[in-house]
Amino acid sequence: MDFYKRTIEESFDAVSSQPEGLTGDEARRRLEQLGKNRLTETAKKSGLRVFLEQFKDLLVIILIIAAVISMITGNSESTIVILVVLVINAILGTVQHFKAEQSLEGLRALSSPTAKVIRDGQNVQIPSEDVVIGDIMLLEAGDLVVADGRIVENFSLQVQESALTGESQSVDKSDRTISGDNIALGDRINMVYSGSLVTYGRAEVLVTGTAMTTEIGKIADLLNQTREKRTPLQESLDDFSKKLSVIIMIICAAVFVLGMVRHMPVLDSLMFAVALAVAAIPEALSSIVTIALALGTQKMANENAIIKKLKAVEGLGCVSVICSDKTGTLTQNKMTVQHIYAADELFDVDKTDYSNTTHAMLLLCSLLCNDSYYSEGKPIGDPTEVALLDYYAAVRSDAPQMREKIERLDEIPFDSDRKLMSTAHMIGNTYTMFTKGAPDVIFGRINRIMCPDGQLRPVTDADILELKKVNNSLSANGLRVLAFAMKSAARDVSLTLEDENDLIFIGLIAMIDPPREESRQAVADCRMAGIKPIMITGDHKITATSIAKQLGIFEEGDLSLNGVEVDRLSDEELMKVLPNVSVYARVSPENKIRIVEMWQRAGQIVAMTGDGVNDAPALKKADIGIAMGITGTEVSKDAASMILTDDNFATIIKAVTNGRSIYNNIKNSIKFLISGNMSGILAVLYAVIAALPMPFTAVHLLFINLLTDSLPAIAMSMEPSNRALLHEKPRGRNESILSGTFFRDVVTWGILIAVFTMISYYIGLGISAGAASTMAFSTLCLGRLFHGFNCRGSQSIVKLGLTTNKFSILAFVIGLGLLALVLLAPPLWSWFDITPLPTANLLYILIFAFCPTLIIQLVRIIKESVKK
């Protein structure tokens with residue numbers, strides 16, 4: 001029901017209540033019927049189910065089959081190694097899952113433990129979960145609102161609804177009926193909503209919604225319904241795994257059949273197939289990707305971006321649309337005075353002259369007709385009034401002394417109906433009333449204007465026109481304008497509303513939450529990187545568009561829409577204007593989800609920033625949800641995959657650069673692993689076709705895949721990030737890792753390493769089958785360690801620099817040491833199927849292992865010299 005459109009009497013009738021509140025019996029009956037005032041939660045998966053789901057991957061199933069076959073054939077060492085690797089990966093996946101989802105717990109934390117209501121005609125305090133629809137809720141400054149409700153009696157109530165609307169400025173409430181349909185949540189001034197905070201005044205409120213029927217309840221429901229989007233890396237790796245699994249199964253089946261055709265024993269044919277499967281599957285891939293992402297999170301944490309979900313690190317690198325909140329992210333989240341109109345002149349704040357009588361009186365009025373103050377260096381009060389206090393402090397340093405010297409003798413508090421606040425003081429020997437408020441209200445109440453020298457003159461129609469023109473001009477640029485006036489008053493009589501007439505106009509003060517200095521450059525970087533920046537805010541369209549223009553988000557030909565306008569558009573209509581809309585104002589949580597969905601339908605990868613409860617569903621729906629660390633609610637932080645500790649848009653762009661570097665490094669690592677595995681596959685295939693003894697055992701291949709391969713792959717993930725990546729366009733969601741260039745490199749390099757591995761194998765075959773296997777294993781292992789330098793990038797090592805990544809050298813040295821240990825330590829020979837070799841054969845291994853890298857590097861150097 002749209003209670004904001006109903007009169008107070010109609011609202012009481014709709015919920016079968018009365019101004020005296022419910023009886024205790026009726027409240028208990030409703031509590032039994034409607035349930036407790038708390039949020040419900042969907043059932044969660046059990047730990048066992050999550051653990052078992054980690055084994056659903058096709059590559060994992062193939063490895064399990066390989067482990068079973070190894071056990072049947074008596075090769076228990078291979079079975080143990082394979083199963084240990086799989087169980088460790090499954091445990092890591094399970095732990096990550098249970099860390100991810102805590103959004104509803106955060107929503108529950110917003111619930112206040114108690115609430116004040118009228119029951120049986122008496123004011124009583126009850127647990128918030130016992131509040132029911134029809135209760136009369138009593139609110140005063142400092143209370144957390146525990147249910148949605150229609151205001152029935154208002155006493156200057158102001159409520160901060162930032163958790164729901166995203167705007168930190170308190171909203172002036174009213175008990176008047178609002179006419180019109182589809183009024184935005186932030187404009188329903190006769191309603192209060194669960195999760196918001198009372199900052200000023202008091203009110204009596206008729207409860208119209210509890211638990212899941214509140215606006216927060218609707219958001220919780222949206223969170224339950226919203227499915228997290230898989231990152232492009234997840235999709236690429238899934239696609240890659242499926243294709244690789246199919247290829248492996250076909251080749252293994254072909255090898256098994258070929259062995260049977262050649263009349264090999266069944267067990268021998270099976271062992272060839274198992275060796276091939278182990279050679280083909282990059283067992284360390286998931287661990288290396290996880291390590292690369294974890295290292296990326298460490299680096300980002302040092303740059304004020306905390307990553308909650310590892311795969312979001314890489315996802316940042318391919319973001320093509322960033323939907324950013326305005327307040328605090330693009331702006332400073334601090335209202336600041338920028339322009340002054342006084343003494344018939346509009347000027348910047350730094351031109352204020354205290355020696356000018358009119359300027360001095362305006363400063364005094366902004367200080368004394370003001371309820372804000374500083375406590376232990378922190379501002380207390382309404383952000384607008386704090387801005388006035390800061391304005392005075394920028395010109396004068398005597399604010400505390402001035403307030404003590406000129407005491408407040410009387411006041412008429414701010415009221416949202418009259419939009420004015422007045423205070424009385426003794427200025428010299430004159431009892432003076434200062435008034436501040438909405439310009440359009442004060443313009444109608446003035447009869448004189450203060451001139452530059454402090455003298456007064458009567459107001460003319462031309463003056464009023466000029467004042468309206470200045471006010472409209474400032475407002476059109478997104479500034480919030482307050483008017484200031486004064487008059488002499490009777491000392492022995494309390495101030496009344498009648499006193500707020502026949503005022504003397506002093507001036508206008510215009511303020512705004514200004515853009516962060518670094519935001520402009522960040523937006524420019526954003527566009528350079530091929531990313532479209534969009535502003536989504538709970539603020540008014542004019543203010544939002546003005547800030548967006550200053551930052552470069554809103555350009556010539558762009559559009560701005562408010563939430564109501566978005567609701568009126570069908571999906572087809574919205575899709576047509578989507579590329580041109582740069583600003584969305586006064587939006588609802590449903591609007592935000594819809595905007596994110598539309599961009600995703602258009603094939604874009606969307607990052608969404610937010611800090612309020614209202615942002616949580618969209619943060620979860622977006623490819624990358626980014627919460628604010630300073631101003632963000634726990635709900636938004638739980639729903640997000642990344643948290644900005646400095647609430648700064650510029651940090652997102654740094655994270656994008658890191659994300660692109662990390663993806664580049666992961667892709668190089670995958671290329672390294674697959675090209676190395678390709679060489680092992682080709683060597684095994686050649687041995688089967690040529691009816692030769694098996695060149696590797698499963699343990700050989702696991703040693704290479706899990707130990708000596710892992711180290712260079714991890715070192716690649718430590719390649720330094722390159723800002724030049726911002727000049728590239730973001731990659732598409734459907735861009736596969738298995739591109740044409742990737743496939744060409746993998747096959748070429750695989751053939752090259754396999755050829756030299758088999759040359760080494762044939763030399764060893766002159767001694768024995770065991771020596772041949774040991775030489776093939778050693779050459780392949782060392783060849784892949786050298787190959788790690790090739791896969792650091794697409795340039796030659798001369799251009800890349802051998803020492804720019806010292807970890808790659810360290811990885812090579814450790815890998816070489818492990819191989820030497822296996823070859824030269826007799827206790828390990830039986831475990832790793834090693835046959836002792838003569839010293840000359842060890843030299844052959846070194847030469848043949850280095851040859852593929854030498855050829856690849858020479859080709860690159862020649863290509864680079866030709867390009868010059």
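This is a short walk through two helices and one aspartate in the model above.

Before we start, this is a predicted model, so to speak: local features need pLDDT of at least 70, side-chain atom pairs count only at pLDDT 80 or more, and totals for chains, interfaces and linings use all residues. Residues are numbered from 1 along each chain as its sequence is written, and side-chain values use heavy atoms, with hydrogens and water left out.

Okay, helix 25, residues 649–689. Helices here are DSSP runs (H or I, at least four residues), numbered from the N terminus. At 1.5 Å a residue, its 41 residues should span 60 Å, and the end C-alpha atoms sit 59 Å apart, which agrees. That expected span is 1.5 Å times one less than the number of residues. Of those 41 residues, 35 are buried, meaning under 20% relative accessible area with a 1.4 Å probe, protein chains only. At the start of helix 25, a side-chain oxygen of Asn648 comes within 3.0 Å of the backbone nitrogen of Ala650. After the helix comes Ala691, with a positive phi near 55°.

Next, helix 29, residues 769–790: it reaches 31 Å from first C-alpha to last, close to the 32 Å expected. It's mostly covered too, with 20 of its 22 residues buried.

Last stop, Asp571, in helix 21. Is Asp571 buried or partly exposed? Partly exposed (that's from 20% to 50%), with a relative accessible area of 27%. Beyond its neighbours within four places in sequence, Asp571 is in contact (heavy atoms within 4.5 Å) with Arg594, Met598 and Arg601. Met598 is 27 residues away in sequence, yet 7.8 Å away C-alpha to C-alpha.

Methods. Helix = DSSP H or I, 4+ residues; strand = E, 2+ residues; numbered from the N terminus. Polar contact = N/O pair within 3.5 Å; in protein donor to acceptor, adjacent residues only side chain to side chain.
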